[in-house]
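Student: Could we go through this one together? I'd like to know what stands behind the labels.

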Amino acid sequence: MKRFVLKPEPLAAPATTTVAYEQALNQAQFRAAVAPPGKHLVIAGAGTGKTRTLVYRLAYLVETGVDPRQIILLTFTRRAAGEMMRRSASLAGGACERVKGGTYHSYCHELLRRHGGRVGLPASFTVLDQDDAQTVIHTVRSRHAKSAREQRFPSKRVLHDIFSLSRARQTSLATITAEKYPQFVDQLAEITAIAHDYGQYKTSHGLLDYDDLLHKVVHLMQNHEELRLRIASACRHVLVDEYQDANPIQAQLIDLLASVHGNLMVVGDDAQSIYRFRGADVTQMLDFCDRHPVHVLHRLETNYRSRTPI
């Protein structure tokens, strides 16, 4: 089967907009900012104005009538999302600040507070930060007294790293242990047992760690079709920053959120993936075109950060 990449004709912002998009942006940025609905991959090199492009995209969507409460802006920090919404509001008005912007974890937390009962969560579930999660792992680890006393047995920090990477990359504990901590391969059976007991402890005490937030929502949407339709229907446009640092579970979440309307714009630079130690996998960006055969590819190549040509 042939695969086609759509390349749009030059676009002009509708006359109803008040922002001078074409004057404020270069041609590549302008094409992305005022692109029609659909799937869009924006490859943005360092210093090419990717944040500026997303800001204008957000302003454009709101200006042309999209309900800001139906726009999802996913970033790796709340600060980044807040800054983009504030900049968009300075262009197109305060409505931009009603966009649902934030981190993957905060958005999933909100969804689970409303729908967590579908996956057996109590209404009063508690979210563990990284330090709290390591404390719980230490409690579980201490039950394996013999192993815990062994000098070469992994610490609570290392165990947390193994468990979290395994879930983020959706690969086995054995693979992560062999790749990052080969000195503990001989303790794999105990590591696996502690991972199981850690999961059981969280379930019995109504606890979720950061990885659970994403996995629970993905599980929820994959196994409850009517709920997937309800959640995704409220996501008319999904915008994603720093897509090169998305891990496999985050990429699944993004695709599920965009599964009804099909309006998705992801922005990233495959040469700047720096969070592999946290489970990031640039493959998600490289495989975007295969997962979404009908898409538009944008390239931001004009560098505004360097004083000399690159």
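**Labels and their reasons**

Tutor: Let's start with serine 164, which counts as buried at 19% relative accessibility. Keep in mind that this is a predicted model.

Student: Why is serine 164 called buried?

Tutor: Buried means under 20% relative accessible area. Serine 164 has 19%, so the buried label applies. Its place is in helix α8, residues 156-169.

Student: What makes the link between the side chains of serine 164 and aspartate 211 a polar contact?

Tutor: The pair has to be N or O atoms within 3.5 Å, one able to donate a hydrogen and the other to accept it. The side chains of serine 164 and aspartate 211 are joined at 2.8 Å.

Student: Why is methionine 285 called buried?

Tutor: Use that cut-off of under 20% again. Methionine 285 has a relative accessible area of 3%, so buried is the right word. This methionine 285 sits in helix α14, residues 283-286.

Student: Which residues does methionine 285 touch, not counting those up to four places away in sequence?

Tutor: Methionine 285 touches Leu41, Val42, Ile43, Tyr243, Gln244, Gly268, Asp269 and Asp270. As for valine 267, 18 residues from methionine 285 along the chain, the two C-alpha atoms are separated by 9.1 Å.

Student: What makes glutamine 170 partly exposed?

Tutor: Exposed takes over 50% and buried under 20%, with partly exposed in between. Glutamine 170 has 41%, so partly exposed is the label. You'll find glutamine 170 in the loop between α8 and α9. Its phi is positive, about 55°, although glutamine 170 is not a glycine.

Student: And why is glutamate 242 called partly exposed?

Tutor: A relative accessible area of 25% puts glutamate 242 in that class, since the in-between range applies here too. Glutamate 242 is in the loop between β6 and α13. Here phi is about 50°, positive although glutamate 242 is not a glycine.

Student: How do you know that α11 and α12 are roughly perpendicular?

Tutor: Helix α11 (residues 210-223) and helix α12 (residues 225-233) pack at about 115°, with their axes 5 Å apart. Angles of 65 to 115 degrees count as roughly perpendicular. Therefore α11 and α12 get that label. On the α11 side, the contact is made by Leu220, Met221 and Asn223; on the α12 side, by Glu225, Leu227, Arg228, Ile231 and Ala232.

Student: How many residues of each class are in the contact of α11 with α12?

Tutor: The contact of α11 with α12 has 5 nonpolar, 1 polar and 2 charged residues.

Technical notes:
Residues are numbered from 1 along each chain as its sequence is written. This is a predicted model: local features need pLDDT of at least 70, side-chain atom pairs count only at pLDDT 80 or more; totals for chains, interfaces and linings use all residues. Side-chain values use heavy atoms; hydrogens and water are left out. Axes are lines fitted to C-alpha atoms, for helices over the stretch in contact, and angles run from 0 to 180 degrees between N-to-C directions. Helices (H or I, at least four residues) and strands (E, at least two) are DSSP runs, numbered from the N terminus. Angles under 35 degrees count as roughly parallel, over 145 as roughly antiparallel, 65 to 115 as roughly perpendicular and the rest as oblique. Contact means heavy atoms within 4.5 Å. Ala, Val, Leu, Ile, Met, Phe, Trp, Tyr, Cys and Pro count as nonpolar, Asp, Glu, Lys and Arg as charged, and the others, Gly among them, as polar. Buried means under 20% relative accessible area, exposed over 50%, partly exposed in between (1.4 Å probe, protein chains only).
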